[in-house]
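Here are a few exercises on side-chain contacts, each with a worked solution. Grab your viewer and try each task before reading on.

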Amino acid sequence: IKANSSDGPVTISQSEPLSIAINLNAAGNTDNADWWVLGNTPMGWYRFAVPGGWGPGISVTHQGPLFDLASYTVLNATGLPLGDYTFYFGVDTVMNGSLDLGQMTYDSVNVSIANAASAVGTWSMNYDWDCDGNDGNTTWYINSNGTFTTSSSYSGTWTQVGDQVTLVYTSGTTYTGTINPAADSMSGTMISHLSATGCWTANRTTPDMQSFPVKGSPDSAGN
C-alpha cells in the first residue's frame, strides 16, 4: 500500500491531494481469502468495500480467491480533516468476514495532514530562468507585514493562501509556488515583467549564531 506513490510516512497540507493505492503479488496462491482495506483516521475507523467504496467501521472489503493485483487506487481525495491517518491493506486466508490476525498478511502507510505553514522567515532561493540548469541564488527576507526584501536589494509584496505563496517584485516579476507542510522548503515557477519564465526552489535558513555580537562586546568600529 502506498500514499502518493510512497511507502511513507507522508506529510501533506490540507489543500494537497492524497492518493492511496494497493497492489498484491499472490505468488501463485489462489486460496480463498478475506481482503481488507482499512483506515484508522481522526474520525475513527473506515473501511473500503467492493462495491460501495469508503464508509465508517471495520468490515471486509472483498471475499474471494487470491490473485495478482496491479496497482489499484482506493482513495483520491483533497481536503481531508487535519490529523494522522494509517491506511492498511491485507489478506487473511480464513474467509469468514472476521479479522484473523494469525492468518493475516498486511502492509500499512502513515499519512499526516497538517495546516499550511507560514512563509514568514528567511529563505535561500535558487532561481533558474528557462529551467535550463543555469541557476542563481539570492536570499528572501519575508516579513509578516506582507512585504519582502532580498539580499540583492530588491523588494516587493507577498501573499499566501493555504500552501500557495506568491511574491511580486516592484518590477512586476512574480514568483508563485507551494510551501511544504514542514515549512522548510518551497518551490514553483516565475514570470518576469518581460514575460521570461523559469523555475525556483527555496529552503528556509537558520541565522548563524556567530553573526550576532555578544551582548556588551564592541563592534568592529569600537562601539
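**Exercise 1. Find the disulfide and say which parts of the chain it ties together.**

Start with the sulfur atoms: those of Cys 131 and Cys 199 sit 2.4 Å apart, and the two residues form a disulfide. Keep in mind that this is a predicted model. The cut-off is 2.5 Å, so the pair makes the list. Searching the whole structure gives one disulfide.

Next, place the two ends. Cys 131 is in the loop between strand E11 (121–129) and strand E12 (136–142), while Cys 199 belongs to strand E18 (residues 197–204), so the bond ties together parts 68 residues apart in sequence.

Last, check the surface. Cys 131 has a relative accessible area of 41% and is partly exposed; Cys 199, with 25%, is partly exposed too.

**Exercise 2. Work out how the rings of Tyr 85 and Phe 87 are arranged, and whether each residue is buried or exposed.**

You need two numbers here, because a pair of aromatic rings is described by the distance of the centres and the angle of the planes. The whole structure holds 13 aromatic pairs. For Tyr 85 and Phe 87, the ring centres are 6.0 Å apart and the planes make an angle of 5°, so this pair is stacked.

Now the accessibility: Tyr 85 comes out at 2% and Phe 87 at 4%. Buried means under 20%, so both residues qualify.

**Exercise 3. Do the same for Phe 148 and Tyr 169, then find the cluster they belong to.**

The centres of these two rings are 5.0 Å apart and the planes stand at 80°; angles over 60 degrees count as edge-to-face, so that's the label for this pair.

Where do the partners sit? Phe 148 is in strand E13 (residues 147–150) and Tyr 169 in strand E15 (residues 164–169), 21 residues apart, and the pair links distant parts of the chain. Phe 148 is buried at 1% relative accessibility, and Tyr 169 is buried at 10%.

Now follow the ring pairs outwards: they join Phe 148 and Tyr 169 with Trp 140, Tyr 154, Tyr 175 and Trp 200 in a cluster.

**Exercise 4. Track down the salt bridge and rate the exposure of each partner.**

The side chains to look at are Lys 2 and Asp 7, with an N to O distance of 2.6 Å. The cut-off is 4 Å, so they form a salt bridge. The count comes to one salt bridge.

As for exposure, Asp 7 has 52% relative accessibility and counts as exposed, whereas Lys 2, at 31%, is partly exposed.

Terms used: Residues numbered from 1 in each chain as written. Predicted model: local features only at pLDDT ≥ 70, side-chain atom pairs only at ≥ 80, totals over all residues. Heavy atoms only, no water. Buried < 20%, exposed > 50% of the residue type's maximum accessible area, 1.4 Å probe, protein only. Phe/Tyr/Trp six-rings, centres within 6.5 Å; stacked < 30°, edge-to-face > 60°. Helix = DSSP H or I, 4+ residues; strand = E, 2+ residues; numbered from the N terminus.
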